[in-house]
Every structure is written in structure tokens, then in C-alpha cells.
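Subject: A structure for you to explore

Hi there,

Here is the structure I promised you. Have a look at it first, and then read on for what turned up.

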Amino acid sequence: MARAALNWTLADLARAAGVHRNTISNFETGRYGGSEEAVAAIRKALEDAGVIFVPENGAGPGVRLAKRSTDASAPEA
């Protein structure tokens, strides 16, 4: 959900997080939980782009985008 909110591709997030795109694909599909380092890098990249992770509140965990004065576009190539 976080990647979709930013309109990022797998490659965009992989580049921003410094991990292989297969790591992200496998994490998103539940095939691989990811190393602690990879998960931390992915979370940091998403948070740096403006994603806020919302904890469980009775309706389930979620994400939202922070208010920003500039557009959180995909990272530069």
C-alpha cells in the first residue's frame, strides 16, 4: 500500500532503499520476510518519501501520506 500511495514501481523503491527489486517483490507477496537490514532500509525509504505507518487501531494497520509542500515523486535514476 505504501509503494502504491507514492506511485512507485518496484524499481523505484529498490533504488531508494538500496535493495534488489526481487527482495521487495518477495516481501510484498509474503514469499520472504526480508532481513532486518532490508526491511529497515525499505521502511526508511518509504518514510523519507512521506509515508506514515499507522499502527493497529482496531481496524487494522495502514499507511497514509504526510502533508508535503512538494510532490513526493519517484527517486531520481
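A helix here is a DSSP run (H or I) of at least four residues, and helices are numbered from the N terminus. With that in hand, you can place Ser-25, which is found in helix α3. Please keep in mind that this is a predicted model.

Let's stay with Ser-25 for a moment. Is Ser-25 buried or exposed? Buried means under 20% relative accessible area, and Ser-25 has 17% relative accessibility, so it counts as buried. Leaving out residues up to four places away in sequence, Ser-25 touches Leu-10 and Arg-31.

Now to the way two helices meet. Helix α2 covers residues 10–17 and helix α3 covers residues 21–28; their axes come within 8 Å and cross at roughly 115°. Because of that angle, α2 is roughly perpendicular to α3. The crossing of α2 past α3 is right-handed. Which residues in α2 and α3 meet? From α2 they are Leu-10, Leu-13 and Ala-14, and from α3 they are Arg-21, Ile-24, Ser-25 and Glu-28. Sorted by class, this contact of α2 with α3 has four nonpolar, one polar and two charged residues.

Ile-24 deserves a second look. Apart from its neighbours within four places in sequence, Ile-24 is in contact with Leu-10, Leu-13, Ala-14, Val-19 and Ile-42. Ile-24 also belongs to the largest nonpolar core, which has 15 residues. Those that touch the most other members of this core are Leu-6, Trp-8, Leu-13, Val-19, Ile-24, Ile-42 and Leu-46. At least two residues of the core come from each of α1 (2–6), α2 and α4 (36–48).

The loops have something to show as well. Gly-18 lies in the loop between α2 and α3, and Gly-18 is exposed, with a relative accessible area of 66%. Try finding Ala-45 too: Gly-18 and Ala-45 are 27 residues apart in sequence, yet their C-alpha atoms are 8.9 Å apart in space.

Another residue to click on is Asn-7, in the loop between α1 and α2. What is the phi of Asn-7 near? Its value is near 60°, which is positive in a residue other than glycine. At 69% relative accessibility, Asn-7 counts as exposed.

Enjoy exploring, and write back with any questions.

Best wishes

Terms used. Residues are numbered from 1 along each chain as its sequence is written. This is a predicted model: local features need pLDDT of at least 70, side-chain atom pairs count only at pLDDT 80 or more; totals for chains, interfaces and linings use all residues. Side-chain values use heavy atoms; hydrogens and water are left out. Axes are lines fitted to C-alpha atoms, for helices over the stretch in contact, and angles run from 0 to 180 degrees between N-to-C directions. Angles under 35 degrees count as roughly parallel, over 145 as roughly antiparallel, 65 to 115 as roughly perpendicular and the rest as oblique. A crossing is left-handed if the near helix is turned anticlockwise from the far one by less than a right angle, and right-handed if clockwise. Contact means heavy atoms within 4.5 Å. Ala, Val, Leu, Ile, Met, Phe, Trp, Tyr, Cys and Pro count as nonpolar, Asp, Glu, Lys and Arg as charged, and the others, Gly among them, as polar. A nonpolar core is a set of buried Ala, Val, Leu, Ile, Met, Phe, Trp, Tyr and Cys residues joined through side-chain atoms within 4.5 Å. Buried means under 20% relative accessible area, exposed over 50%, partly exposed in between (1.4 Å probe, protein chains only).
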